[in-house]
There are 2 protein chains.
Amino acid sequence: MSSQSTPYHHGDLRSALLEAAEDALRSGRAQDISLRGLARELGVSHAAPRRHFEDKQQLLDALAEIGWSRVDEELRQADLAAVDQDLRTLLVARGIRYVRFAIANPALIELMFAYKTSGRRPPPPEGSIGPSSIDLLLAARRRGELAVSANHLARSLWAQLQGLAALAIGGFIADEDLDAAVTEGIDRLLVNTSQAY
Amino acid sequence: MSSQSTPYHHGDLRSALLEAAEDALRSGRAQDISLRGLARELGVSHAAPRRHFEDKQQLLDALAEIGWSRVDEELRQADLAAVDQDLRTLLVARGIRYVRFAIANPALIELMFAYKTSGRRPPPPEGSIGPSSIDLLLAARRRGELAVSANHLARSLWAQLQGLAALAIGGFIADEDLDAAVTEGIDRLLVNTSQAY
DNA sequence: CCGCGAATGTAGCCGGTGACAACATGACCG
DNA sequence: CGGTCATGTTGTCACCGGCTACATTCGCGG
């Protein structure tokens, strides 16, 4: 309902705020998101966001959590595209997808990794890049396809991807070199780790 | 000179500002450094910093540059400690030193890698982790100790270190596992890259 | 169906901040 | 010794986050 002009109640301000914030985050840094700005954008009073987030930090935390779920989506897409392929192919597909996402959403990634300085952060959910790679590698190890520790290899792989993302975001790797860098980084880590590879 | 109370001119406000800022950065995020706070700390008026930095961003840029030189110092220390050792040992020594520095100065590292969103960033000087590893590996390659591309290997190594730092800062690697993770990450990348290794 | 409490939004204030301008001080050089 | 210019100061503005007091609406229980 609420025919014309602004109805007193927005309807779903919380979601709208998160959406607007995520959007702003795509083309700017986290620190120059302003609650008041978001409120203005949504045609709502400057104190309205407070009803949904006690604190600016709480909004950022929620945003970080959304970020992890976005990563999950990306990885699921990669899994679909590389279904029934061998382990290495799957890891490369996931890696490329992950790093591309990071480049496209640097501020969001930064939020997701914001050191636990001000309060606790939500850890990456089951399925996200670190945990899921561990599962993948554990499974491979169980199948006897992996000759080294799944946990350690997963850690190195995650670090490799995170590092490539950081370098690319910082401008130390050109976008057109990125996929190759990911592929190569993963391949190098996989050398001599497998009986089958 | 400048006996008691505050002399009208500070003497070297610019350096003092950078020092205070670097210090604040060691126990906080970049975004909650305030020019006014620094000025207050140094017993100087709130507009004084403006004489030395047009902009808050300019101070942060200067800070980032300092950060790169700090990294250079660290790496030089590592080189001293591992002098006359083989390539792998040297790389591990550098890696551990670099990552430990990153963990100890997360906000500074963040500044140094701040994506070139708002203006140009100073690139890492000659000698810093990326470039210097490249030199190291190029030399090894010239000596015939390296069977793969120096540039590509350097990139993977840098990414590995940067990623491990990011994970540790984010709380995904415990501090006591860090050195081992670095050693292992480097070793894994070096598998089968060398005739001599 | 109504009335009341809870949820949501508004208006206004406060202290703090970065940027700016106008003015004051003093260092340095000819 | 005098002037110029770097450096520091005071004051102002718009904006921000957080808070409180108040207004409107929703929805549930009687």
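# Exercises on a two-chain helical model

The buried residues of helix 5 of chain B pack against helix 7 (150-169) of chain A, and also against helix 1 (13-26), helix 3 (56-81), helix 4 (87-104) and helix 7 (150-170) of chain B. This is a predicted model: local features need pLDDT of at least 70, side-chain atom pairs count only at pLDDT 80 or more, and totals for chains, interfaces and linings use all residues. Residues are numbered from 1 along each chain as its sequence is written, and chains are lettered from A and ligands numbered from 1 in the order in which they are written.

**Exercise 1. Work out how many residues of helix 5 of chain B are buried, and name them.**

Step 1. Locate the helix. Helix 5 of chain B covers residues 106-113. Helices (H or I, at least four residues) and strands (E, at least two) are DSSP runs, numbered from the N terminus.

Step 2. Apply the burial test. A residue is buried if 20 or more other C-beta atoms lie within 10 Å of its own, exposed if 12 or fewer, and partly exposed in between, with C-beta atoms placed from the backbone.

Step 3. Count. In helix 5 of chain B, 8 of its 8 residues are buried, and the helix is mostly covered. They are Pro106(B), Ala107(B), Leu108(B), Ile109(B), Glu110(B), Leu111(B), Met112(B) and Phe113(B).

**Exercise 2. Describe how helix 3 of chain B crosses helix 5 of chain B.**

Step 1. Take the geometry. The two axes come within 8 Å and cross at roughly 105°. Axes are lines fitted to C-alpha atoms, for helices over the stretch in contact, and angles run from 0 to 180 degrees between N-to-C directions.

Step 2. Classify the angle. Helix 3 and helix 5 of chain B are therefore roughly perpendicular to each other. The classes are: under 35 degrees roughly parallel, over 145 roughly antiparallel, 65 to 115 roughly perpendicular, and the rest oblique.

Step 3. List the contact (C-beta atoms, placed from the backbone, within 7 Å). Helix 3 of chain B brings Leu60(B), Leu63(B), Ala64(B), Gly67(B) and Trp68(B). Helix 5 of chain B brings Leu108(B), Ile109(B), Leu111(B) and Met112(B).

Step 4. Sort by class. The contact of helix 3 with helix 5 of chain B has 8 nonpolar, 1 polar and no charged residues. Ala, Val, Leu, Ile, Met, Phe, Trp, Tyr, Cys and Pro count as nonpolar, Asp, Glu, Lys and Arg as charged, and the others, Gly among them, as polar.

**Exercise 3. Do the same for helix 4 and helix 8 of chain B.**

Step 1. The axes of helix 4 of chain B and helix 8 (residues 175-190) of chain B come within 9 Å and cross at roughly 135°.

Step 2. Helix 4 and helix 8 of chain B are therefore oblique to each other.

Step 3. From helix 4 of chain B, the contact includes Arg88(B), Leu91(B) and Val92(B). From helix 8 of chain B, it includes Leu178(B), Asp179(B) and Val182(B).

Step 4. By class, the contact of helix 4 with helix 8 of chain B has 9 nonpolar, 2 polar and 2 charged residues.

**Exercise 4. State how chain B is related to chain A, and what the contact between them is made of.**

Step 1. Superpose. Chain B lies on chain A with an RMSD of 0.1 Å after a turn of 180° and a shift of 0.0 Å along the axis. The fit is by least squares on the C-alpha atoms of residues with pLDDT of at least 70 in both copies.

Step 2. Conclude. The two copies are thus related as by a two-fold rotation axis. Of the residues of chain B, Gly163(B) comes closest to that axis, at 1.8 Å (C-alpha). The same surface serves both copies: 100% of the contact residues of chain B recur in chain A.

Step 3. Count the contact. On each side, 31 residues take part: 31 of chain B and 31 of chain A. Helix 5, helix 7 and helix 8 of chain B each supply at least two residues of the chain B side. Helix 7 of chain B gives the most, with 14 residues. The chain B side divides into 14 nonpolar, 12 polar and 5 charged residues.

**Exercise 5. Decide whether Leu153(B) is buried or exposed, and find its contacts.**

Step 1. Leu153(B) sits in helix 7 of chain B.

Step 2. Leu153(B) has 24 C-beta neighbours inside 10 Å, so it counts as buried.

Step 3. Leaving aside neighbours within four places in sequence, Leu153(B) is in contact with Leu137(B), Val148(B), Leu189(B) and Thr193(B).

**Exercise 6. Place Asp84(B) and give its phi.**

Step 1. Asp84(B) is in the loop between helix 3 and helix 4 of chain B.

Step 2. Phi of Asp84(B) is near 70°, a positive value in a residue other than glycine.

Step 3. With 6 C-beta neighbours inside 10 Å, Asp84(B) counts as exposed.
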